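The following paragraphs lead the reader through a single structure, from its sheet to selected side chains. Please keep the sequence and the coordinates at hand while reading.

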Amino acid sequence: MRKDDGLELLKADLKKRVFARLYTLYGDEDYLKKFYLSELKTKLLDGADEEFCYFKYDMQNFDIVSLCDNLESYPFCGGNKLIVLENLELSKINESDKKQMLARFSELADFVTVVFYYDSIFLQVDYAVKLKRQGELRELAKFGPSVDVSIRGRAELSRWVARHFKAAKKRISPAAIEFLLSYTDNSMVNLKTEIDKLICCPEAEVTEREIQQICS
């Protein structure tokens, strides 16, 4: 599978509202990862009460008994169930619990979708740790799409920035957008912060001058 295939599969699933049993979301672009996780949650649960169909675990509250119960029990009043496992390191889970968990992933019910969600810093570690964590990601890819959400290319970022200013009824030229991308880093999280500041300025058109005066 090519690097972008997992993301394209996820986009197609969201559009069709037909979902895999397990996704792994990782990569450098936290803004988009949060966006796609939110989209999964919205479309999977479809307004159902989250208390009965949405469950989240991390390294602090992980419990194999609770997880297995939520994987197997039917959601209240039907519908789907979403279970998010955030920044869960397989190597730090008890070996018996890990085997039990992975065995469950091979036989997930149709009403359950599991998402392993990893912040960008998960792979921003020294080489030996990074290799180990990449191995864990490959292990999870056996059970469903592995979605690498990396920093977007310049053209895609330019379109994304333009849409935000248009929605706010602010004018900005392609040259000013290019200057903004050069002036700041290309993380969507940071860009969105700078865009929000620029949208609040009183001028109808955002130029390089406003970007220099307002942006970090």
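In what follows, contact means that heavy atoms lie within 4.5 Å. The model is a predicted one.

With this criterion, helix α8, which spans residues 174-183, may be taken as a starting point. Its buried residues are Ala-176, Ile-177, Phe-179, Leu-180 and Leu-181. These residues pack against the helices α7 (154-167), α9 (188-199) and α10 (208-214), and also against the strands β6 (171-172) and β7 (205-206).

The sheet comes next. Five strands form an open sheet in the order β2-β3-β4-β1-β5, and their pairing is parallel. The edge positions are taken by β2 (54-57) and β5 (146-148); each has a single partner strand, so one side of each is left without a neighbour in the sheet. On average, neighbouring strands of this sheet are turned by 15° against each other, direction ignored. In general, the strands of a sheet pair through backbone hydrogen bonds, in either a parallel or an antiparallel manner.

At the β5 edge, strand β1 (residues 22-26) runs parallel to β5 and is joined to it by three bridges. Within this pairing, Tyr-26 stands opposite Asp-148 of β5. Helix α1 (residues 5-16) packs on the sheet, where it touches β1 and β5; the direction of α1 makes about 110° with that of β5.

At the other edge, β2 pairs with strand β3 (residues 81-86) in the parallel sense over four bridges. Lys-56 has Val-84 in β3 as its bridge partner. The side chains along β2 alternate: Phe-55 and Tyr-57 are buried and point to one face, whereas Tyr-54 and Lys-56 point to the other face and are not buried.

Strand β4 contains Thr-113. This residue is buried, with a relative accessible area of 0%. What surrounds Thr-113, once its neighbours within four places in sequence are left aside? Its contacts are Phe-19, Ala-20, Arg-21, Tyr-23, Leu-44, Lys-81, Leu-82 and Ile-83. For Ala-20 there is also a polar approach, as its backbone oxygen lies 3.1 Å from a polar atom of the Thr-113 side chain.

The loop between α5 (95-105) and β4 (112-117) holds Glu-107. At a relative accessible area of 58%, Glu-107 is exposed. Its C-alpha atom is separated by 9.2 Å from that of Arg-21, although the two residues are 86 residues apart along the chain.

A further polar contact involves Asp-30, which lies in helix α2 (residues 30-45). Asp-30 has a relative accessible area of 17% and counts as buried because this value is under 20%. Its side chain is joined to that of Ser-120 by a polar contact of 2.9 Å. Apart from neighbours within four places in sequence, Asp-30 is in contact with Tyr-117, Asp-119, Ser-120 and Val-189.

The aromatic residues may be considered next. The whole structure holds eight aromatic pairs. One of them is formed by Phe-35 and Tyr-36, whose rings meet edge-to-face, at 5.2 Å centre to centre and with 70° between the planes. Phe-35 is partly exposed, at 41% relative accessibility, whereas Tyr-36 is buried, at 9%. The rings of Phe-105 and Phe-143 are likewise paired: their centres are 5.8 Å apart and their planes stand at 70°, so this pair is edge-to-face. The pair links distant parts of the chain, with Phe-105 in helix α5 and Phe-143 in the loop between α6 (127-140) and β5, 38 residues apart. Phe-105 is buried, at 4% relative accessibility. Both residues belong to one aromatic cluster, formed by Phe-105, Phe-116, Tyr-118, Phe-122 and Phe-143.

The cysteines remain. How many disulfides does the structure hold? The number is zero. A disulfide is, in general, a covalent bond between the sulfur atoms of two cysteines. For Cys-215, the closest cysteine sulfur is that of Cys-201, at 9.2 Å, which is too far for a bond, because a disulfide requires sulfur atoms within 2.5 Å. Cys-215 is buried, with a relative accessible area of 8%. Cys-53 is buried as well, at 3% relative accessibility.

Terms used. Residues numbered from 1 in each chain as written. Predicted model: local features only at pLDDT ≥ 70, side-chain atom pairs only at ≥ 80, totals over all residues. Heavy atoms only, no water. Pairing = 2+ DSSP bridges. Helix = DSSP H or I, 4+ residues; strand = E, 2+ residues; numbered from the N terminus. Axes fitted to C-alpha atoms, helices over the stretch in contact; angles between N-to-C directions. Buried < 20%, exposed > 50% of the residue type's maximum accessible area, 1.4 Å probe, protein only. Polar contact = N/O pair within 3.5 Å; in protein donor to acceptor, adjacent residues only side chain to side chain. Phe/Tyr/Trp six-rings, centres within 6.5 Å; stacked < 30°, edge-to-face > 60°.
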